[in-house]
Each structure stands twice: as C-alpha cells, then as structure tokens.
Amino acid sequence: MKRWTVASYTIVVVFLLVVLVPIAAVVVNSLKVPADIFTPSLKLAFTPTFDNYAKVLGDLHFQTFLMNSTLVALGSTALSLAVGVPAAYALARLPIRGRELWAGGILFTRMVPAVALVVPMYVIFQRTELLGTYFALIAAHTTFNLPIVIWMMRSFFEELPPDLEEAALVDGSGRFGAFWRVALPLTAPGLAATAVLCLLFSWNEFLFALVLSGRDTQTVPIGVASFIGTVSVDWGGSSAAAVLALVPVFLLGLVAQRFLVRGLTFGAVKG
Amino acid sequence: MDTLTRPGPVDSPVRAGPRRRGRHGRRLGYGMLTPSLVVLAVLIILPLAYSLVLSLFSWKLTDLNLPKPFVGFDNYTRILHDATVGRALVNTVIYVVGAISVELVLGFVVAAALFEMTRGRKLANALILLPMIIAPVVTALLWRYLLDPQFGLVTQLSDAVGLPSGIGWFGSSGLALPSLIAVDVWQWTPFVVLVMHAGMLSINEEQFEAARVDGAGHLRILRSIVLPAIVPQILLILLFRTMDTYRIFDTVFVLTKGGPGLSTETIGLYTYRTGFSYFDMGYAMALSVFILLTVLVISAFYIRLLRRREAL
C-alpha cells in the first residue's frame, strides 16, 4: 500500500510542476531586461525590473485593453444573467410544456462554434453599423454565456428543496415572489459563481474580439496577441502583457474554483 | 399558448385554487423563458439563417456594392473539391484524436493518483485548474516562449542536460501539429483530471471494501471498479473536448497561422481566412454552415450516448 501512496504523490507533484513552471516562467520573464531574457543558458539570478510593465502600460496603452475587456465582460455577464436566470428558474420549476426540449435546444446553442457565427455576425454588424462597438462584442459573448447561465442556474435551482418555495406560496406569496424572495437569495452563491464564470469566459475570448472589435474596443487577448507573430518579438513586453491578463483571471478563478468544472461541463458535473 | 387567453371553465371553489395557480405558473413560466429565447434567436438563429442564405451566393467582400449572383449549392460542391478543406479536416481529426487520447490517459493516471492522496488534495485541486482559466492566447504566448529554439526555457533545459536543442517546434512541418497538441494537452488535461476526480469521489466506499475483502489488488480495483464507475464522466469529457478541439482557433492562429505550409491548417482557421483574408464571404458562409452541421451531428451522437448513461 505504501508503495502506491508514494507513487501517487510523485505523480501529482510532477504534474503540478509541469502545470506551474510555464506560468512561473512567464512571470519571471516579465521582470527581466532583454539582456537577461536572451541568453542561451538559463539565468535565474537577475535584477528584477518593472520596465516591461511601465512600457506596456505607458506606450502601448494596455490599460485601454484592460478597460475594454472589463466593460465587455461585465456587459455580457449582466445581460446573460438578466435574461438567463429567470429562464433557468422556469425550466427548473414551472410547468412549461416541452421543458426538456427547450433545455436541449439551449444546450445545442452552446455547441454552435464561434467560427460558424463570426462570419455572419461580422456582415450583420457591418450592415447595422455596429461593427467595432462594445455592443457588438457584448452581444457576441452573450451567445456562449447565456446558455451557461441557463444550464448552471437550472442545476442550482433544482438542488433547492421545493418545500421552501411551497411554504412561501402557502403564506400568500405569488409564484414570482417565491422565485424572487425565496429561491434567488438561497442560490446566491451559485449565482455569484455563474457570474464569475461568465466574466472569465468573456475575458479570455479571442475570435469574436479579433473580428468584431474596432480600434477603440480591442480587448486584452487582442492586446496580448498583437505582440506575437511579428518578426522581432518583444518577450519582456509580451510577458508583462500576459501577466496583466493573468492576474484578474487568477482572482476570479480563486472565487469560482469550486464551480469551475460545473461551468465547463454545463452543470452536468456537480462542483 | 391559447389556454392563456381562453376563459377557464367555472370550477368549484375547492378546485379553483390549485388549478388557477397551475395555469398562472405556466403563464409565468413562458414569461420568464421567453426573453432568453428571443435573445438566443436574435444572436444565434438569425446569424445562422443569414449564413445559410448567403452561402448560396457568390460574394466577395471587396466589391460590396456589386450584385451578388445566386450560385445555388456551388459553394458546397466547392467544399467537396477543395484540397485545403481535406487537409484541414485531416489535421483537425489528428488534433482531436491525438489531444483527447493523451488527455484521457494522462488525466486518468493523475486523477487516480489524486484520489489516492489523503493530504493536500484541496491545494492540488486549486493549482491544477490554473491552465484552464488562462486565455488560450496567453497559453500560446507562454509556449511560444518556452519552445523558442534559441532562448526558450525548454531549449535551455534540454541544452543543460545534453539533449538535442534548438528545435524549431512550430516551424517544422512535421513537429508543428504535435507541438500544438502538446499545448492543448497542457491546457486541458487538468480539466480531465478534475472531472474524473469528481466522478471517483462519488463511488460508494463499500465497493472498495468489498473488493479488498475479495483480495483484489490495487490495479484490479482501478480497472474493475474505478474505471467503470466514471464512464459517464469520460463520455462527458469526450463530448466537451471533441467540441472544443474540433473548433480550435486561438492557439493555432497565434502559434502557427496554419503553417508551415498547410501542416497545421484547421477547418476553423481556414474559414476565418476565407472570410477575412480572402474576403470570399459566400464560401466562408458555406464553410460556417459545414462546421455547424458536423458539430451538430457529432454532439447529437454524444448526447444520445450520454442520455443512455444518464449523465446529463
């Protein structure tokens, strides 16, 4: 038995190293001057500098990307929650005909790949002169956030014991009151987790942002990608940009970690 | 919906209560569901319908105001004869099958090891999920740096231990696709680990005890109890990983742009380029429809499997 335990810890530790070292490497890189980065051998002893950050924030206006990402993520999350949470409750609790069919249809919308949507969306937004606006990106990100909200919140509502809402109904509360005053407050942690996951997915999204954003609405992933693919790559600057993109995601991930897998599997795996 | 407007029959007061509540509940239900359906219809169904229609026209974006001739299914027959589509599909299948099989095997080993742990499991869980919350673009940048043939960490390390270094991972037509698969494995094996681990935690403890009483060894327990118990989780992983790897875009776009040559061209990338580099919108729309149809067929197949297993 002991042998297996030792082997297990070894496997997990090695795996964690493979997971963490690349992330640590980019953080270390962001604190190096070019001379310390471009050495043929590994250089661990160096004087840390914040020049890369100063440059990324100063010259490249990276804070505009950060603000754009924040606005788009908040907008899409708010829209998805506003229309998705009531729908989730209806699909979990209310007597709707063909309930499973509706839920299945919504599940299918999650399977629609962004690549299939981005071409027609580009044309539609161009025709309506919405191309390059925040609205275009918020709408695009809602296509993947809304189904997540509906399926995740549905799984939270279904876990709630129905007695509590029935008690509210007996006390003279309406069906909507039971949702608003009883079910919603009780699922507040789930609601928060769902919101965080939407923010996360929106923050990381690349293809819609690449095609539908304009000069003034580009998001963080576009900012990071703009460093790459050019002939001379600014490793220090791109690493600093990557770290700036990482920090909010780590904070969000910390909050949502218990529910992350549930969100990624559409509520099918209980977190 | 017509029951909503039709006046109900006169009931005895005793029956009226619950029935009216049921009817009210139904009306409220549709009322709460409708906004979502409207949003999904406008944002998803409308663009899809639009691409379905425009895929029947020849339309170059470079001449926006010129007439768009109706060409019927020409764009679709073009897909069948397009060698790049064939190559992209082969690459995509290699990517999907390669990435998922490595992720499943590696994921199972790590999940089983994690399951065995008695201490530090929570911390390990928290750290393992880091790659999957990082934006794929950032992941791409990270690996571009690590695998840089001159100054990358992997190069420096393999140099230090005397392994061949200076390999242009993403610049070699033979290695570019495997390298992309490796990046996918790094980012998504954690997902496989966490889902499988969640499945293992729900196995009844008595089953293990019964097996041990029967004298089953460690590997035997893994094979005969743990593996069968997590089949629903495995199917779920297959569904989500297949969907996500099939439409891979971000990391390929950043790391190889489909090259060298066509060695890492994927169907998603080709659609993007058809639309936004060649401005051949009619054909791009047809490719979009093609991707959508294949995704729906694959996901319908998986969802049926899952339903049978009652995992969803």
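Okay, let's start with one stretch of chain A: residues 65–89 are 100% helix and 0% strand, and the C-alpha atoms at the two ends sit 35 Å apart. Before I go on, please keep in mind that this is a predicted model.

Now compare that with another stretch. Residues 101–125 of chain A come out at 92% helix and 0% strand, with the end C-alpha atoms 31 Å apart. Where do these spans come from? They're on the UniProt list of "transmembrane region" entries for chain A, an unreviewed entry, which also has residues 7–28, 131–152, 182–203 and 240–261.

Right, on to how the two chains meet. How many residues are involved on each side? It's 96 residues of chain B in contact with 97 residues of chain A. People often quote the size of an interface as the accessible area lost when the parts come together. Here chain B and chain A bury about 8800 Å² between them, and 81% of that is on carbon and sulfur atoms. Within chain B, the residues losing the most area to chain A are B:Met32, B:Ile133 and B:Leu141, and together they make up 8% of what that side buries.

Which piece of chain B gives the most to that side? That's helix H1, residues 13–54, with 21 residues. And if you sort the chain B residues that touch chain A by type, you get 72 nonpolar, 15 polar and 9 charged.

What about salt bridges between the chains? The count is 0. Polar contacts do turn up, though: there are 11 residue pairs across the interface, with both residues at pLDDT 80 or more.

Let me zoom in on one residue, A:Asn204. You'll find A:Asn204 in helix H10 of chain A, which covers residues 188–204. Buried or exposed? A:Asn204 counts as buried, because its relative accessibility is 9% and the cut-off is under 20%. Leaving out residues up to four places away in sequence, its contacts in chain A are A:Pro221 and A:Val249, and over in chain B they are B:Ile133, B:Ile134, B:Ala135, B:Pro136 and B:Asp250. You've met one of those already: B:Ile133 is among the residues of chain B that lose the most area to chain A.

Back to salt bridges, then. Over all chains, the whole structure has 12 of them. I'll show you three.

The first on my list is A:Arg154 with A:Glu158, at 3.5 Å from N to O. Both residues are in helix H7 of chain A, residues 134–159, and they're 4 residues apart, about one turn of the helix. A:Arg154 is buried at 7% relative accessibility, while A:Glu158 is partly exposed at 43%.

Next up, A:Glu159 and A:Arg262, 3.1 Å from N to O. A:Glu159 belongs to helix H7 and A:Arg262 to helix H13, residues 235–264, so this pair ties together parts of chain A that are 103 residues apart in sequence. A:Glu159 is partly exposed, with a relative accessible area of 44%, and A:Arg262 is buried at 3%.

Then there's chain B, where B:Glu103 and B:Arg241 make a salt bridge at 3.2 Å, N to O. B:Glu103 is in helix H3, residues 83–116, and B:Arg241 is in helix H11, residues 231–246, so that pair links parts 138 residues apart in sequence. B:Glu103 and B:Arg241 are both buried. They also belong to a network: salt bridges with shared partners join B:Glu103, B:Asp184, B:Arg241, B:Asp244 and B:Arg247.

That's my tour, thanks everyone.

How values were computed. Residues numbered from 1 in each chain as written. Chains lettered and ligands numbered in written order. Predicted model: local features only at pLDDT ≥ 70, side-chain atom pairs only at ≥ 80, totals over all residues. Heavy atoms only, no water. UniProt positions renumbered as here; feature names shortened; annotations may be inferred. Buried < 20%, exposed > 50% of the residue type's maximum accessible area, 1.4 Å probe, protein only. Contact = heavy atoms within 4.5 Å. Buried area = accessible area lost by both parts, 1.4 Å probe. Salt bridge = Lys/Arg side-chain N within 4 Å of Asp/Glu carboxyl O. Polar contact = N/O pair within 3.5 Å; in protein donor to acceptor, adjacent residues only side chain to side chain. Nonpolar A, V, L, I, M, F, W, Y, C, P; charged D, E, K, R; others polar.
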